[in-house]
Amino acid sequence: MKLNLLLALALPIAMYSQSTDVGNTSDYPNQFTSGSANVHPFNNSSRMFRDWSISVGGGGAFLQAADVNSFYDGKVNFGYNAYISLDKQISHTFGMSLHYQMGKTNQKAMLPGAAGVAAGVATAWTEYNQVSILGDINFSNLLRRTDNNSTYRWALHGYGGIGLQGYKTLLLDNDMSKYSTSPKRIPIEIDQNIGLDTFFFEVGTGLKYNASKLIDVELRTMYIITGDDSFDGGGYGKNARPRYNAIAKGVSDNFFTVNLGLSFKLGKHEKHLAWVDPLQEINNRIYVLETTEPEFVVCESGDADNDGVCDDWDRQLDTPAGARVDGAGVALDMDLDGVIDLYDKCVTVPGPVENNGCPTNYKPQ
């Protein structure tokens with residue numbers, strides 16, 4: 001019986017304590033803030049920094065881990081690439097980019113044994129298009145020392161992301177340039193459209209320079225893991241004929257790019273969020289407070305009647321010289337008889353002005 005009574009009393013209290021009715025939380029400060037009055041919702045009007053940019057760039061493209069690759073016989077077969085991206089800075093250390101890249105790689109290979117003697121050195125190229133989402137970590141801002149107050153103009157970035165790609169390849173060798181029936185051979189050509197099965201991964205790093213409030217310059221290198229053994233133009237799979245895809249053990253044709261690019265920072269604010277070091281901002285403000293001598297301006301508007309009360313809050317600007325005044329600059333009249341103490345012969349006893357503030361039956365000495 002007692003237990004049931006206790007539960008009956010406790011249940012409404014427990015239910016009330018879980019109430020989600022907290023009133024209007026858009027009013028600041030409230031029970032969910034630290035108590036500071038300097039709190040407001042974060043919206044576009046409260047932003048202090050730019051956080052959008054558009055990046056463009058280009059450079060070389062090189063197939064590195066593939067059966068038919070860009071490094072053959074001690075020579076480099078140069079390709080090219082170009083990119084454009086829309087960048088959003090989430091915080092001072094992390095951002096995201098919607099990235100588009102196109103390019104072309106040039107590569108060579110030679111089959112082993114008699115097949116290689118007959119075919120000679122094969123040449124191939126791959127034209128590709130890629131769309132990806134990139135994450136961007138600002139290592140320089142993430143690892144910056146708390147006591148580093150130097151100018152922040154260089155930054156090391158790390159990138160990583162996934163995307164989809166489409167490509168077209170062509171491979172030619174000496175056997176393919178003539179009619180052959182043993183086996184029947186034609187140039188190896190692949191046309192792969194972008195699809196859900198054309199995933200690739202990419203990682204990289206870049207060194208950025210803050211050239212101005214509008215432009216950044218960046219040297220960037222990216223490594224692309226295609227996950228596709230046909231990207232180099234060697235054919236479809238390990239059993240493709242001729243067997244260019246069997247030259248190397250790997251099943252993913254990977255390449256890298258080296259680019260020089262520009263980022264155009266969008267927005268009206270003075271600084272971009274990628275170049276904001278919160279610790280430096282805080283340390284600079286502390287330094288200013290610690291090293292600046294306070295300059296107090298007393299009586300900015302003066303003290304016309306020299307009563308020791310500034311004219312800014314003096315209620316009686318023509319106080320007679322020598323009169324004692326209250327905090328508002330009004331001459332004291334202790335007995336409230338209309339005669340200020342300076343001229344009152346009877347300071348503690350009220351009297352008319354005609355008798356110098358003394359009673360009429362009193363003759364001051």
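Here are some numbered notes on the structure above, which is a predicted model.

1. **The overall picture.** Start with the whole chain: 365 residues, of which 36% count as buried. Its secondary structure comes to four helices and 11 strands. If you look at contacts in the chain with a separation of 6 or more, 59% of them join residues 24 or more positions apart. As for the surface, the chain exposes about 22300 Å², with carbon and sulfur atoms supplying 60% of that area.

2. **The main core.** Which residues should you click on to find the largest nonpolar core? The core has 13 residues, and the ones with the most contacts inside it are Leu63, Tyr128, Tyr167, Met222, Ile224, Phe231 and Phe255. Four strands each give this core at least two residues: β1 (52–65), β6 (122–138), β7 (154–172) and β10.

3. **Ile224, one of those core residues.** Leaving out residues up to four places away in sequence, Ile224 touches Gln130, Phe200, Phe201, Glu202, Asn254, Phe255 and Thr257. Phe255 turns up twice, then: as a contact of Ile224 and among the core residues with the most contacts.

4. **A second core.** There is also a separate core of 10 residues. Val68, Ala122, Leu171 and Ile188 are included in this second core.

5. **Tyr128 and Phe231.** The model has 10 aromatic pairs. In one pair, the ring centres of Tyr128 and Phe231 are 6.1 Å apart and the planes sit at 50°, so the pair is tilted; stacked would need under 30 degrees and edge-to-face over 60. Tyr128 belongs to strand β6 and Phe231 to the loop between β10 and β11, so the pair ties together parts that are 103 residues apart in sequence. Are these two residues buried or exposed? Both Tyr128 and Phe231 are buried.

6. **More aromatics, and charges over rings.** Phe62, Phe71, Phe78 and Phe256 form one aromatic cluster. Elsewhere, look for arginines over tyrosine rings: Arg144 lies over the face of Tyr152, 4.8 Å from the ring centre, and Arg220 has its charged end over the ring of Tyr159, 4.2 Å from the centre.

7. **Salt bridges on β10.** How many salt bridges does a search of the whole structure find? The search finds seven. One of them joins the side chains of Asp216 and Lys265, at 2.9 Å from N to O. Asp216 is in strand β10 (residues 215–225) and Lys265 in strand β11 (residues 254–266), so this bridge ties together parts that are 49 residues apart in sequence. Asp216 has a relative accessible area of 4% and is buried; Lys265, at 6%, counts as buried too.

8. **Glu218 and Arg220.** These two also form a salt bridge, with their closest N and O atoms 2.9 Å apart. Glu218 is buried at 3% relative accessible area, and Arg220 counts as buried at 7%. Recall that Arg220 is the residue over the ring of Tyr159, so it's worth viewing the three side chains together.

9. **Asp341 and Arg324.** Here the closest N and O atoms of the salt bridge are 3.4 Å apart. Asp341 and Arg324 are each in the segment after α4 (278–291), so the bridge ties together parts that are 17 residues apart in sequence. How buried or exposed is each partner? Asp341 counts as buried, at 11% relative accessibility, whereas Arg324 counts as exposed, at 51%.

10. **A small network.** Some salt bridges share partners, and in this way Arg47, Asp51 and Lys88 are joined into one network.

11. **Pro320.** This proline also lies in the segment after α4. Its relative accessibility is 26%, and Pro320 counts as partly exposed. Which residues is Pro320 in contact with, leaving aside neighbours within four places in sequence? They are Ile340, Leu342 and Tyr343. Pro320 and Ala331 are 11 residues apart in sequence, and their C-alpha atoms are 8.1 Å apart in space.

Notes. Residues numbered from 1 in each chain as written. Predicted model: local features only at pLDDT ≥ 70, side-chain atom pairs only at ≥ 80, totals over all residues. Heavy atoms only, no water. Salt bridge = Lys/Arg side-chain N within 4 Å of Asp/Glu carboxyl O. Buried < 20%, exposed > 50% of the residue type's maximum accessible area, 1.4 Å probe, protein only. Core = buried A, V, L, I, M, F, W, Y, C linked by side-chain atoms within 4.5 Å. Contact = heavy atoms within 4.5 Å. Phe/Tyr/Trp six-rings, centres within 6.5 Å; stacked < 30°, edge-to-face > 60°. Lys NZ or Arg CZ within 6 Å of the ring centre and 35° of its normal. Areas by Shrake-Rupley, 256 points an atom, 1.4 Å probe, with all protein chains shown as cover.
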